[in-house]
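Thank you all for making the time this morning. I would like to walk through one model slowly, starting with a single element and working outwards, so please have the display open while I talk.

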Amino acid sequence: MPAPDRLPQRQIDVTDLACRRGERLLFSNLGFSLAPGRALLVRGPNGTGKTTLIRTLAGLIAPDAGSIAIAGRSEEERPGTDMHLLAHASGVKGRLTVEENLAFWRAVNGGSGDAGEALDIVGLRGIADLEAGHLSAGQTRRLALARLIVAPRPIWLLDEPTAALDAEGDALVGRLIDSHLAQGGLCIAATHLPLALADTDRIATLTLGGAA
Amino acid sequence: MTGLGPHWVFIVAAYLGVALVTGLTIWSVVASARRIEARIARLEAETRPHVVAAGRPN
Amino acid sequence: MSSVAEKPNWFSRLANPGQFLIWSRLVNRPLAVVTGLVFVAGLYYALLHSPADYQMGETVRIMYIHVPNAWLSQFVYGVMVVSALGSLVWRHPMADVSMKAAAPLGAVFTGLALYTGSLWGRPTWGTFWEWDGRMTSTLVLFFIYLGLIALWRAFDDQLRAGRIVAVFTLIGAINIPIVKFSVDWWHTLHQPASVFTPEGPHMPMSILMPLLIMTLAFTLLFTSLQLLSMQVEVRRRRLATMEKRRAYAAGTPN
Amino acid sequence: MKGFAAVIRRDLTLAFRGGGDIMTLLLFFVMVGAIVPFAVGPDKALLSRLAPGIVWIAAFLSLLLGLDRLFRNDHEDGSLALFRQAELPLAGLVAAKVIAHWLLAALPLIVASPVLAVLLAMDAPTWLRVVLSLVIGTPGLAALGAMGAAVTVSLPRGGLLAPVLITPLALPLLIFGTGSIDAMAGNSALLLLAAVSLVLVAVAPFMAALALAVSED
């Protein structure tokens, strides 16, 4: 497990958020708040805006209404540099080796973690010099997870983190989130699959579509 | 207008050309306006029974 | 009817297109009448009441419809830049509607400026096309307008298209002055003697008057067409929403 | 700052490792120059008079060819979305990509220009002025290309549209570029070329970053 040094503290408060995709309004007056060390599971059938919510929190999409307040940031810090987005597209270049991909994201995200150790955790250390194009979907997903470890940041926004992963992969995601929360990090995960997390009292659940 | 001297041809051509093109532009904008209004009217006529039930202001 | 009908769809959020439709429809008729009147006055002055120019003779009458179009080709781009800023900076929903409506009009007026310019140049330069500074800049502006229209049509989701076209409109705005300067520099390099065209205020009132009236007439024409095109665009998006909802309602009979 | 170098290094490794992208651009550049004599006839006097224009048009078209590669695959494999969370602002990363694009697309052309100099009967001093004008002018072309590529990144057939959008805006570079080659206009054109090129290079990262951010929406 990475050294449990405390992550910078962040608090997320979302108040009556509304988002639309094209003409369809996905959800409206959505609110929740997340203290350090907590996780939020976003449930709901496909097409109810789980991915849109994650991308809106990541600042990629401007919401139609409502506000997203993230406390704990210093002024000159650029919004978004204290969060990681794990999306369907993993940002991995096929012609670069596993190591080069990770080194690239470590440099771009100003990461301080050790690349070798991160690869160890996700179980890719053995094929570090293999071109990423040969990786399976599951291995590519693990490489994307390594990107989160190598540049420790307080807020994790995960969109279907366990997609393309086997049972062992699910356990890995659970362990990573647990240790992230233990360090005082925040995690918002959009998934319709169960997440293997240790203590469940750190988790809140938000269901989109229908009930909202 | 005296006979069509060398210059008059160009003046007439210029004014006619401009008149024709602006006329065409006006006509095309008005025509598309009318076409869209007609389609909207037809659609609203189709869904009127449901829409009124849902109480949505038209 | 599915639950979607009750939920406020994005259209009601854009409240002001509704208001825009109301007031602009009121303006349509009177504006058209005023434009017609100003045109009648302008044409009367331009064709019948003003003298022939001492240097260019009767062909000065072509100037009365060339200059307004040349002025509009730049004025309309200005309108698009303001709308682009409105769309990007204030995210005003009507901004990209006005930008989309203005582009084809801009192209039409620029095309007319080229057409009348070449006819005006024919008696003086002897050819329909002369690579002089102003005409070439107008030609480049014409290509930029066509490029913007092509960009608009390349997108299927018109809502997302608005802000991307706005960015390119601003990129164009930064480059147009540079293009104008470089074309003028290029023109003086290859053809020092440029044709004297009575542009400045030193024109006698008898020629300036028709020019001003015709310019006003064409600007009014643009304004009325712009408003009408914006209404059409708003209604077109309303239609698209209705057709999408019909597909959605048909698709999921819940 | 590390991110800046990392982007350039990554794009360079990708290009060198990824098959003959550079070769195709070079081939296209030389071929465009080489076909002109077949079109206008092999008369040497005429060719050497047209040579500056031909070289610049060939360079301009080759740079347009390499445009599509600039942001498209980063957009498709999700890197662009992740760039938004990078240490360096998006404009910085776009600037790095423009430099990488220049190194990969424009520099090889300048290196290959002697081939065209020979084919188009260019004498040595003219060729030197051609190289100088290309060195100063192509950064502007690369920057303009980046803006065109950024605006059309989310369009499936965007590669077709970007050249149409940026060609009218590239005229100043073409005019001052060729102008700076023939001895008569000489220095004033070169200075103006440098000015336009600098303006475009300064503006491009911010406008392209804005276009990329809006296309991600």
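Helix 4 of chain A covers residues 137-150, and over its 14 residues it reaches 20 Å from its first C-alpha to its last, close to the 20 Å expected at 1.5 Å a residue, where the expected span is 1.5 Å times one less than the number of residues. When I say helix or strand I mean DSSP runs, H or I over at least four residues for a helix and E over at least two for a strand, numbered from the N terminus.

Before going further, a word on the source: this is a predicted model, in which local features need pLDDT of at least 70 and side-chain atom pairs count only at pLDDT 80 or more, while totals for chains, interfaces and linings use all residues. Residues are numbered from 1 along each chain as its sequence is written, and chains are lettered from A and ligands numbered from 1 in the order in which they are written.

Is helix 4 of chain A mostly covered or mostly open? Mostly covered, since twelve of its 14 residues are buried, and by buried I mean that 20 or more other C-beta atoms, placed from the backbone, lie within 10 Å of the residue's own, with 12 or fewer making a residue exposed and anything in between partly exposed. Among the buried residues are Arg141(A), Arg142(A) and Arg147(A), alongside Leu143(A), Leu145(A) and Ile149(A). Their cover includes strand 5 (83-86), helix 2 (98-108), helix 3 (115-122), strand 6 and helix 5 of chain A.

Stepping back to the whole of chain A, the domain assignment, which is automatic or taken from a database, gives domain 1 (1-82 + 156-212) and domain 2 (91-152). The C-alpha centres of these two domains of chain A lie 22 Å apart. Ten residues of domain 1 of chain A are in contact with ten residues of domain 2 of chain A, contact meaning that the C-beta atoms of two residues, placed from the backbone, lie within 7 Å. On the domain 1 side, helix 5 of chain A gives the largest share, three residues, and that side divides into eight nonpolar, one polar and one charged. Here Ala, Val, Leu, Ile, Met, Phe, Trp, Tyr, Cys and Pro count as nonpolar, Asp, Glu, Lys and Arg as charged, and the others, Gly among them, as polar.

One residue of chain A deserves a pause: Glu160(A) has a positive phi of about 55° although it is not a glycine, and it lies in the loop between strand 6 (155-159) and helix 5 (167-182) of chain A. Glu160(A) is partly exposed, with 19 other C-beta atoms within 10 Å. Chain D offers a further case, Ala121(D), whose phi is near 55°, in the loop between helix 6 (90-119) and helix 7 (124-151) of chain D.

Now to the chains together. Which pair has the most contacts among the four pairs that touch? That pair is chains B and C, where 26 residues of chain B meet 27 residues of chain C, and the chain B side divides into 17 nonpolar, six polar and three charged. Chain A and chain B, by contrast, do not touch, their nearest C-alpha atoms being 16 Å apart, and no contact joins chain B and chain D, whose closest C-alpha atoms lie 24 Å apart.

The largest nonpolar core, a set of buried Ala, Val, Leu, Ile, Met, Phe, Trp, Tyr and Cys residues joined through C-beta atoms within 7 Å, has 206 residues, and Val167(C), Ala146(D), Met147(D), Ala211(D) and Leu212(D) touch the most other members. This core draws at least three residues from each of the two domains of chain A. Leaving aside neighbours within four places in sequence, Val167(C) is in contact with Leu88(C), and with Val151(D), Met207(D), Leu210(D), Ala211(D) and Val214(D).

Chain C itself has seven helices and zero strands, and 41% of its 254 residues count as buried. Its mean pLDDT, the predictor's confidence in each residue from 0 to 100, is 83, with 86% of residues reaching 70 or more. Over residues 1-15 of chain C, however, pLDDT stays under 50. Where pLDDT is low, the predicted coordinates should not be read in detail.
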